[in-house]
Amino acid sequence: MTMSRRSFIQVVAAASIPFGIGGAFGCAQKLDTRRLVKASFLQHFHYLEIDPEGLEQFLIDYEEALGPIQDGVASRDELPFTRFLESTDFFLQGQDESKPVKYLALYDPYANPCFYPFRRFES
């Protein structure tokens, strides 16, 4: 039995539908997880004015350097809150809670060894 080109394409298309649905579901699930993680950060730092684009970039940079954060959604203790603050201008501004907090670079001595997020005092 020979299969025509049209039949072959129809079979391949029908077989790939579950993968497309799974991929779309995985993408939607990742976006949902990202939204929950961002909400956790904003709730944790409710007293600070955090730049939303900076928070998004931090999460992207963090996941590229250190792996996915999605496990932290189940436990807020696992979310990198301190790493986020270290990656912003918060300490450089003298920990002034009235100023907007902006992401600068991922604070990771291995990935970004020259970035030092703390104020230097001259003696």
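Let's start at Glu86, a residue of helix H3. In this predicted model, Glu86 is buried yet makes no salt bridge. The nearest side chain of opposite charge belongs to Arg83, and it sits 4.4 Å away. A salt bridge needs a side-chain nitrogen of Lys or Arg within 4 Å of a carboxyl oxygen, so that pair doesn't make the cut.

What does Glu86 touch, leaving aside its neighbours within four places in sequence? The list runs to Phe91, Tyr107, Phe115, Pro117 and Phe118.

Phe115 turns up again when you look at Leu104, which belongs to the segment after H3. Beyond its neighbours within four places in sequence, Leu104 is in contact with Phe115, and also with Ser87, Thr88, Asp89 and Leu92. Take Asp89 from that set: 15 residues separate it from Leu104 along the chain, but their C-alpha atoms are 6.5 Å apart.

Is Leu104 buried or partly exposed? It counts as partly exposed, as the table shows. Gln95 is listed beside it, and this residue also lies in the segment after helix H3, which covers 81–86.

| Residue | Relative accessible area | Class |
|---|---|---|
| Gln95 | 47% | partly exposed |
| Leu104 | 43% | partly exposed |

Gln95 has something else worth a look, namely its backbone. Its phi is near 60°, a positive value in a residue that isn't glycine. Most residues other than glycine have a negative phi.

A positive phi also shows up right after helix H2, this time at a glycine: Gly67 follows the helix with a phi near 100°. H2 itself takes in residues 52–66, 15 of them, and reaches 21 Å from its first C-alpha to its last. That is close to the 21 Å expected at 1.5 Å a residue.

Which residues of H2 are buried? They are Gly54, Leu55, Phe58, Leu59, Asp61, Tyr62 and Glu63. So the set includes the acidic residues Asp61 and Glu63, both of which count as negative.

Now for the whole chain. The protein has 3 helices and 0 strands, and reads as α-α-α along the sequence. It is 123 residues in total, and 30% of them count as buried. For contacts with a separation of 6 or more, 53% join residues 24 or more positions apart. The accessible surface comes to about 8,800 Å², with 56% of it belonging to carbon and sulfur atoms.

Conventions. Residues are numbered from 1 along each chain as its sequence is written. This is a predicted model: local features need pLDDT of at least 70, side-chain atom pairs count only at pLDDT 80 or more; totals for chains, interfaces and linings use all residues. Side-chain values use heavy atoms; hydrogens and water are left out. Helices (H or I, at least four residues) and strands (E, at least two) are DSSP runs, numbered from the N terminus. The expected span of a helix is 1.5 Å times one less than its number of residues. Buried means under 20% relative accessible area, exposed over 50%, partly exposed in between (1.4 Å probe, protein chains only). Contact means heavy atoms within 4.5 Å. Accessible areas come from the Shrake-Rupley method with a 1.4 Å probe; for residues, only the protein chains shown count as cover.
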